[in-house]
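Thanks for coming, everyone. Let me put the structure up, and then we'll walk through it.

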Amino acid sequence: QVQLVESGGGLVQSGGSLRLSCAASGRIFRINVMAWYRQDSGKQRELVARISSGGSTNYADSVKGRFTISRDNTKNTVYLQMNNLKPEDTAVYYCNAEGVISPYGPTNYWGQGTQVTVSS
């Protein structure tokens, strides 16, 4: 099966930066879209940013100009550089791989989540 493992979360002060990483493992031929979502307690999970295999990106309005998503297709890894963090960015951040081409069948996978906490 395909597994997604996130890293890089933690506690940071307002205005600080963090870089999240998510590596996909398993027999993977291609991942069409990789994305980051986040979910704060009591709220719905929301899309933060997504990137296609060709490098096209989309961002939530709330993070435009502060966050940058990138990926390394040779490593099946996606990154999220988060700058000028605000307390409202506090959430569990989840990695998502969509349109995964592999021998296993399922095409959509989620990571276990990594906590990001921004103190004011």
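How many salt bridges does the structure hold? Five. Keep in mind that this is a predicted model. I'll take the sheet, then one glutamate, then come back to the salt bridges.

The sheet, then. Four strands make it up, and it is open. Read across, the order is β1-β3-β8-β7. The pairing is antiparallel. At the edges sit β1, residues 3-7, and β7, residues 67-72. Each of those two pairs on one side only. From one strand to the next, the twist averages 15 degrees.

Look at one pair in that sheet. Strand β3 covers residues 18-25, and strand β8 covers residues 77-82. They run antiparallel, with six bridges joining them. Want one to find on screen? Take Ser-21: its bridge partner in β8 is Tyr-79.

Now the glutamate. Go back to strand β1 and find Glu-6. Is Glu-6 buried or exposed? Its relative accessibility is 6%, and buried means under 20%, so Glu-6 counts as buried.

Here is the point to notice. Glu-6 carries a negative charge by our count, yet it has no salt bridge. Which side chain of opposite charge is nearest to Glu-6? That is Arg-45, and it is 7.8 Å away. A salt bridge needs the nitrogen within 4 Å of the carboxyl oxygen, so Arg-45 does not qualify.

What does the Glu-6 side chain reach, then? Two backbone nitrogens to show you. One belongs to Cys-95, 2.6 Å from a polar atom of the Glu-6 side chain. The other belongs to Gly-113, which the side chain reaches at 2.7 Å.

Widen the view a little. Set aside the neighbours within four places in sequence, and Glu-6 is in contact with residues including Ser-21, Cys-22 and Trp-36. Also among its contacts are Tyr-93, Tyr-94 and Cys-95. So are Gly-111, Gln-112, Gly-113 and Thr-114. For scale, try Ser-102. Glu-6 and Ser-102 are 96 residues apart in sequence, and 20 Å apart in space, C-alpha to C-alpha.

Back to the salt bridges. Side chains of opposite charge can pair when their charged atoms come close. Start with Arg-38. Its side chain meets that of Glu-46 in a salt bridge, at 2.7 Å, N to O. Arg-38 counts as buried, at 5% relative accessibility. Glu-46 is partly exposed, with a relative accessible area of 37%.

Arg-38 also meets Asp-89 in a salt bridge, at 3.0 Å, N to O. Where do these two sit? Arg-38 lies in strand β4, residues 30-39. Asp-89 lies in the loop between β8 and β9. So the pair ties together parts that are 51 residues apart in sequence. Both Arg-38 and Asp-89 are buried.

Those bridges share partners. Arg-38, Glu-46, Arg-66 and Asp-89 are joined into one network.

One more for contrast. Asp-61 forms a salt bridge with Lys-64, with the closest N and O atoms 3.1 Å apart. Both Asp-61 and Lys-64 are exposed, whereas Arg-38 and Asp-89 are both buried.

That's my tour. Over to you.

Terms used:
Residues numbered from 1 in each chain as written. Predicted model: local features only at pLDDT ≥ 70, side-chain atom pairs only at ≥ 80, totals over all residues. Heavy atoms only, no water. Pairing = 2+ DSSP bridges. Axes fitted to C-alpha atoms, helices over the stretch in contact; angles between N-to-C directions. Buried < 20%, exposed > 50% of the residue type's maximum accessible area, 1.4 Å probe, protein only. Polar contact = N/O pair within 3.5 Å; in protein donor to acceptor, adjacent residues only side chain to side chain. Contact = heavy atoms within 4.5 Å.
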